[in-house]
Structures are given as structure tokens and as C-alpha cells.
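Here is a short report on one protein model. The structure comes first, then the notes.

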Amino acid sequence: MKKQRIVHKVTLIPGNGIGPEVIAAAHSCIDATGVAIKWDVQRTGVGPSTDNNIPALSAALLDSIQKNKVALKGPITTPVGIGMRSVNVALRQTLDLYACVRPCRLYPGIISRFDNVDLVLIRENTEDLYAGIEYDCGTSETTELIEWVKKHGGKTLQNDAAISLKPISARASERIIRFAFEYALKNGRKMVTAVHKANIMKYSDGLFLKIFRQVAAEYDGKIDHRDQLVDSLCMQLVRTPECYDVLVLPNLYGDIISDLCAGLIGGLGVAPGINLGSDLAVFEPVHGSAPDLAGKNIANPTASILSGVLMLRHLRELEAADRLEAALKVVLKAGDHVTADLKGSDSRQHPVVGTQQMAEAIISNLTGNEGEIAQTGANHA
Ligand code: NAI
């Protein structure tokens, strides 16, 4: 009897800036594997922001992700210093996508200062300084808070200060730290390193560290563990990244170290990621909307395609995921159909190609789909 073909339903969020270009490239590569996916395209998903500058995520976007349980998302711009808060952060908080998983592996052919990087960064996604609890300079709330701190903490803050709160809870810390150890066990990883600044932030980072030590004790003999100050980690990562395996970090350090790790493996153009909740998964590249590259067909689609590989694995389409990753590896190694950011000084030998052309080169290296190619998918025009 012929095996019934599963049709997966996936929400597709092109985002803005370079988002629509890199997501279109990933979309066509995923469809070319032959895996049947019915894509539900959610173009903006954001309405006008509220008085507190909190973006209003559309019910259609949230419903689609909650119904399909899986999404592939492009980056979305956040104004710097002013205006609306991040749509990306709002989405993670609203859907409780608490675990951000960012594998950081150096592929052969990519120019890097290192030759052996294979680590996984696990970032807490819901709290810390990203909770969005901020009080602007000169407001009555800030004045009240300054008075409160003076009365209860004995510290005199400047009257012209703006204040951001950094909540770190025991519950969220335990959830992400346990996730990191379970991830390490399931993925054959050997060592989990907790990253913090508990020498200075005794209570917030101190709590994160305390919980780490408690949870880590349960994995004694199964997974090695240690902790490290975030500043020391930065220095060691850029000297000996091969000494790290799984990193678990509170939100802000996780965001910053993600970009540092991307720099170890060839840049933001190649760094994929997942945001996971208890039953939802949103796959997205680490990079942002890169307004400097938008609309020029020059952004590197690798990070989005690798996010797609991770998505296929999550959907248990393991063979298709392996084929897509293998095809990408062939193109990266050959180096003659890659975007400008991967070229270094090599561009005189082989001219650079555009986002779409790189995706086409990957598709032409896909094996095993000579017969049927899925006739599903959305129109990105
Ligand atoms: P960015 O990640 O967009 O760009 C930083 C640098 O990396 C730029 O020089 C850019 O050209 C380069 N770059 C990024 N992606 C690339 C790619 N695929 N190929 C080649 N080069 C690439 O960070 P930036 O400029 O700080 O942020 C731009 C906007 O993106 C901001 O509004 C920011 O808030 C937003 N953002 C959104 C994220 C998301 O949607 N998850 C994540 C990070 C930033």
C-alpha cells in the first residue's frame, strides 16, 4: 500500500527589510526538497501600537501560529531609541516562546579566523531587561520610583535618570536551564556553561546562577557543567571557541553573544535560530532586517535556509533536512555561487551572486527530488 503523504501546515512571516528576500529563498529551497507544506502567509501581522508603544500583534498572525504550531519568520525592523517596541520580542513574550536555540557551526568553505566552531547558544526569551518595563526620564512615575529607591534602597539616583527594570525569576531561570540540559542530553552534547554577571548583580544574575547550580546537580555524571562571567566569556570565545559546547544565558547576554558567535562562523548571514514554547516553534535567522541591503538581492539567504533545515527536522522530515543541508554545504564549499558577505577577498576569482541565485544553486544541488516537487506554497511576488 502506498504510504500516505503528510501535508504540514506552516505559518510564513516574510517580515520586512531583507526578510521577504531571504525568506523567499528559504521557502523555495524547502519546497524543492519535495516535502509537502501548506504555507499560511502572514505579511505584517502588526497593527498600530498602543499608548505604551507595545506593538499590537494581529489576531490572524497569532491564530495562525497557534493553529499550525510551526512558523518560519523573517526579521522585522524596530525603530532605535524611539517609537514602537520590538514586534519580535512581543511575539516571543505573547506566545511564551521561552527558549531561543541558536546553533553556531562553522561550515567548510566559509572564511573565518577559526577552523572548529560547533556550539549551541540557548537564550532565555521572556524576561530580563527585555521585559519592556521602562520609565522615561522626567515622568512622574520615574520621579516616584526614584523616591521609592531612595527610601527603600538608600541609593540616590539622578533626577534626570531613565530606568529599565531587569526581572529574572526563579521559574523562568529553571525552565531555560533545564531546557539546556535536556537539549544537551538529547543532542549528544557534553558540557553546559551558564553565563552571568552574578559578581555585580547579586540578586538577578545571582538567582540565575543559584538555580543553575541546583539544576546542574541533577545532571552530575551525565553532562559536565560550569559557569562563567559574561565578560570573561567574550574574551575566551574569541580566542578558543572550540572550548565551548552549550551556553545558557539570560535574555540580554544571549542576544549580544548570539551576534558574537555569528561572527565566529562567517557573520550574521549564516546564523540560524529557533524560538520554542511548550508546543510552538518559530524558526528565524539571528540577523535583523538589514536596511542597508534591503531590496538589492544581495543578502545572504543561508541563515534562513538553515532555519528551514531546523524546521524540517522539527517536522520529522529528517531525510529532506539532511538533503537540504548537504546541498547548502556543497554550495558553501565550492564558493562560486555565494553572496558577497561570504567572499572576503576571493570575489575577483569568482563573481558574487545574488540571494535568489544562491538559492537556485542550492536547489540544483539537491538530490533525490528529481521526480516530484511539491506543488504547494505561497506566492511571494
Ligand atoms: P542586522 O542584523 O539587520 O544587520 C547587522 C549587519 O549585518 C549589517 O551590516 C547587515 O548588512 C549585516 N547582515 C545582516 N543580515 C545579513 C544577511 N542575511 N546577509 C548579509 N549581511 C547581513 O542588525 P541591525 O542593523 O542592528 O538591525 C536592523 C533592524 O533589524 C533593526 O530594526 C533591528 O531592531 C532589527 N532586528 C530584528 C531582528 C528580528 O526580527 N529577529 C533581530 C535583530 C535585529
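The charged end of Arg-175 sits over the ring of Tyr-98, 4.0 Å from the ring centre. This is a predicted model, so that distance, like every value below, is computed from predicted coordinates.

**The aromatic cluster**

Tyr-98 does not stand alone as a ring. Together with Phe-179 and Tyr-183, Tyr-98 forms one aromatic cluster. The model holds 4 aromatic pairs. One of them joins Phe-179 and Tyr-183, with 6.5 Å from centre to centre and 25 degrees between the planes. That pair is stacked, because planes under 30 degrees apart count as such. Helix H5, residues 170-186, carries both Phe-179 and Tyr-183. They are 4 residues apart there, about one turn of the helix. Are Phe-179 and Tyr-183 buried or exposed? Both are buried.

**Overall form**

The protein has 11 helices and 14 strands. Its radius of gyration is 22 Å, and the globule rule gives 21 Å for 381 residues. The two values are close, so the protein is as compact as a globular protein of that length. Along the principal axes, the C-alpha atoms fill a box of roughly 75 × 55 × 50 Å.

Buried residues account for 49% of the 381 residues. The accessible surface is about 18200 Å², and carbon and sulfur atoms own 53% of it. How much of the contact set links residues 24 or more positions apart? Among contacts with a separation of 6 or more, the share is 75%.

**Confidence**

Mean pLDDT is 92, and 91% of the residues reach 70 or more. Residues 371-381 fall below 50. In the model, this stretch still has 24 contacts beyond near neighbours in sequence. Where pLDDT is low, the predicted coordinates should not be read in detail.

**Two residues with positive phi**

Most residues other than glycine have a negative phi. Lys-69 has a positive phi of about 70 degrees, although Lys-69 is not a glycine. Lys-69 is in the loop between helix H2 (59-68) and strand E5 (70-73). Lys-69 is partly exposed, because its relative accessibility of 34% falls between the cut-offs of 20% and 50%.

Arg-316 also has a positive phi, near 65 degrees, and is not a glycine. The loop between H9 and helix H10 (318-334) holds Arg-316. Arg-316 counts as exposed, because its relative accessible area of 62% is over 50%.

**Individual sites**

Four further residues are set side by side below.

| Residue | Location | Relative accessible area | Class |
|---|---|---|---|
| Ala-170 | helix H5 | 35% | partly exposed |
| Ser-304 | helix H9 (302-314) | 0% | buried |
| Ala-198 | loop between strand E10 (191-196) and helix H6 (204-218) | 12% | buried |
| Gln-66 | helix H2 | 39% | partly exposed |

The contacts that follow leave out residues up to four places away in sequence.

Start with Ala-170, in helix H5. Ala-170 touches Leu-207 and Ile-211. The C-alpha atoms of Ala-170 and Lys-210 are 9.1 Å apart, and the two residues are 40 residues apart along the chain.

Ala-198 contacts Asp-205, Gly-206, Leu-209 and Leu-229. From Ala-198 to Phe-208 the C-alpha separation is 8.2 Å, across 10 residues of sequence. Why does Ala-198 count as buried? Its relative accessible area is 12%, and buried means under 20%.

Gln-66 touches Leu-95 and Leu-280. What separates Gln-66 from Asp-279 in sequence and in space? They are 213 residues apart in sequence, but 8.8 Å apart from C-alpha to C-alpha. Gln-66 is partly exposed at 39%.

Which residues does Ser-304 touch? They are Val-22, Ile-23, Ala-26, Leu-72, Pro-285 and His-287. Ser-304 itself has a relative accessible area of 0%, so it is buried.

Technical notes. Residues numbered from 1 in each chain as written. Predicted model: local features only at pLDDT ≥ 70, side-chain atom pairs only at ≥ 80, totals over all residues. Heavy atoms only, no water. Phe/Tyr/Trp six-rings, centres within 6.5 Å; stacked < 30°, edge-to-face > 60°. Buried < 20%, exposed > 50% of the residue type's maximum accessible area, 1.4 Å probe, protein only. Lys NZ or Arg CZ within 6 Å of the ring centre and 35° of its normal. Rg over C-alpha atoms; globule rule 2.2 N^0.38 Å. Contact = heavy atoms within 4.5 Å. Areas by Shrake-Rupley, 256 points an atom, 1.4 Å probe, with all protein chains shown as cover. pLDDT = per-residue confidence, 0-100.
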